[in-house]
Amino acid sequence: MIIEHKIVIADVKLVADFRRYILYWRKRFTEQPITDFCSVIRINCTAPSEEQDNYFLLCDVLPEDRILREELQKQRLKEILEQQQQERNDNSFRGICMFCNEEFLGNRSVLLNHMAREHAFNIGLPDNIVNCNEFLCTLQKKLDNLQCLYCEKTFRDKNTLKDHMRKKQHRRINPKNREYDRFYVINYLELGKSWEEVQLEDDRELLEHQEDDWSDWEEHPVSAVCLFCEKQAETIEKLCVHMEDAHEFDLLKIKSELGLNFYQQVKLVNFIRRQIHQCRCYGCQEKFRSKADLRTHMEEAKHTALLPEKQIWDQPQYYFPTYENDTLLCTLSDSESDLTAQEQNGNIAIISEDTSKLHALKQSSILNQLLLHESLKN
């Protein structure tokens, strides 16, 4: 159009449906002169008249063009929302995990939640995604071409790629790759605005209308997942009750008996998570083909409460979570409120020494007797 007809369309990438846009203006140009709609741009103004040339700019400064673009955007959004709703209700989805080749049938959310939970690969909430099959095929094609989904580097073989994505925590997509924008509903909400611009506007509105009144604040509960199954609970108390009733695993009792501090609890949880993820019983070290088989074995053999020696799991490597954003780790505590009733009833009083007369204190302190006793003992 530029070369043959000298027509320039401004902001082509912001036209939601280019085909319909072209067909509309093709019809209008047959009804009225093109100069009624386009701004005329003359180039080579200082050159002789025979060398001068006119170009025609079609842009949304023209109200008719602006209205057309907005209507096309609304129609596109309507189609996208209908497609999204159809995918949300579709239970005939069939897909294979990109990391473990396990097949999933039913709703697309089953596969997406599996990859987020088991492989720490999160592309967003299923309800925010549209054209999911095409999205997954695009990602699978990149992996088949031995390309990292985040940094987009290419590797020599599949094992090297897997190690790279795991060690570098690159099991996520590149947010700066505009190729993925068409798979997220947020990018269709406003004309000419990407998800980054929409979110930036939301943040600005929050800052501009920030108030000191937090009385209507509502905290949304975050669920923690059981160590042995997929049961979720909003509080650590509910989750501990479930693990004790369903799996005979009493986390608070273990913490109390072993005297675990916060960091030791973190390492214990991460250790158990990793063993379960690898389908290995930490009680007898037997490995199973699936988590269901492992769970059956551990419950029948009563191995859920059979922890290995402390030096096996109390290692620095278990500071790092098996799953990204493991909410259970955030709910752990080493406060006195978690102690057993017997420990709480100890009522041990601690009275500090009076430090107002420091010299007298040094002369009469019981520490002098302890030091003397220790010296004689040595």
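Contact here means heavy atoms within 4.5 Å. With that in hand, let's work through some exercises on this predicted model.

**Exercise 1. Get an overview of the chain and of the confidence in it.**

Solution. Start with the secondary structure: the chain has 16 helices and seven strands. Next, look at burial, where 33% of the 378 residues count as buried. Then turn to the contacts: among those with a separation of 6 or more, 49% join residues 24 or more positions apart. Finally, check the confidence. The chain has a mean pLDDT of 82, and 80% of its residues reach 70 or more. Over residues 336–351, however, the pLDDT is below 50, and this stretch has seven contacts in the model beyond near neighbours in sequence.

**Exercise 2. Find out which residues Lys-267 touches, and decide whether Lys-267 is buried or exposed.**

Solution. First, place the residue: Lys-267 is part of helix 10. Second, list its partners. Not counting residues up to four places away in sequence, Lys-267 touches Trp-313, Asp-314, Gln-315, Tyr-318 and Tyr-319. Third, take one of these partners and compare sequence with space: Lys-267 and Tyr-318 are 51 residues apart along the chain, and their C-alpha atoms are separated by 4.7 Å. Last comes burial. The cut-off for buried is under 20% relative accessible area. Lys-267 has 8% relative accessibility, so Lys-267 counts as buried.

**Exercise 3. Describe how helix 10 and helix 11 meet.**

Solution. Two packed helices are described by the angle between their axes and the distance between the axes. Here the axes of helix 10 (residues 262–277) and helix 11 come within 10 Å and cross at roughly 120°. To classify that angle, recall that 65 to 115 degrees counts as roughly perpendicular and over 145 as roughly antiparallel. Helix 10 is therefore oblique to helix 11. Now name the residues: helix 10 brings Gln-275, Ile-276 and His-277 to the contact, while helix 11 brings Lys-291, Leu-294 and Met-298. Sorted by character, the residues of this contact are three nonpolar, two polar and one charged.

**Exercise 4. Describe the surroundings of Cys-279, in the loop between helix 10 and helix 11.**

Solution. Begin with accessibility: at a relative accessible area of 11%, Cys-279 is buried. Then collect the contacts. Leaving out residues up to four places away in sequence, Cys-279 touches Glu-286, Lys-287, Phe-288, Ser-290, Lys-291 and Leu-294. Two of these names, Lys-291 and Leu-294, also belong to the contact of helix 10 with helix 11. For a distance check, use Arg-289, which is 10 residues from Cys-279 along the chain; their C-alpha atoms are separated by 6.8 Å.

**Exercise 5. Compare the two spans that UniProt annotates as "domain: C2H2-type".**

Solution. The annotation comes from an unreviewed UniProt entry and covers residues 146–175 and 277–308. For residues 146–175, the end C-alpha atoms lie 19 Å apart, and the span is 33% helix and 0% strand. For residues 277–308, the end C-alpha atoms lie 17 Å apart, with 34% helix and 0% strand.

**Exercise 6. Contrast the environments of His-119 and Arg-76.**

Solution. Take His-119 to begin with, in helix 4. At 10% relative accessibility, His-119 counts as buried. Apart from neighbours within four places in sequence, His-119 is in contact with Cys-97, Phe-99, Cys-100, His-114 and Arg-171. Now move to Arg-76, in helix 3 (residues 63–89). Arg-76 is partly exposed, with a relative accessible area of 30%. With the neighbours within four places set aside, Arg-76 is in contact with Ala-16 and Tyr-188. The C-alpha atoms of Arg-76 and Ala-16 are 6.5 Å apart, and the two residues are 60 apart in sequence.

**Exercise 7. Examine the backbone at Ala-120 and Lys-302.**

Solution. Recall the background first: most residues other than glycine have a negative phi. Ala-120, although not a glycine, has a positive phi of about 55°. Ala-120 lies in the loop between helix 4 (108–119) and helix 5 (132–144). Lys-302 likewise has a positive phi, of about 60°. Lys-302 is found in the loop between helix 11 (291–300) and helix 12 (310–313). To finish, Lys-302 is partly exposed, with a relative accessible area of 49%.

Key:
Residues numbered from 1 in each chain as written. Predicted model: local features only at pLDDT ≥ 70, side-chain atom pairs only at ≥ 80, totals over all residues. Heavy atoms only, no water. Helix = DSSP H or I, 4+ residues; strand = E, 2+ residues; numbered from the N terminus. Buried < 20%, exposed > 50% of the residue type's maximum accessible area, 1.4 Å probe, protein only. UniProt positions renumbered as here; feature names shortened; annotations may be inferred. pLDDT = per-residue confidence, 0-100. Axes fitted to C-alpha atoms, helices over the stretch in contact; angles between N-to-C directions. Parallel < 35°, antiparallel > 145°, perpendicular 65-115°, else oblique. Nonpolar A, V, L, I, M, F, W, Y, C, P; charged D, E, K, R; others polar.
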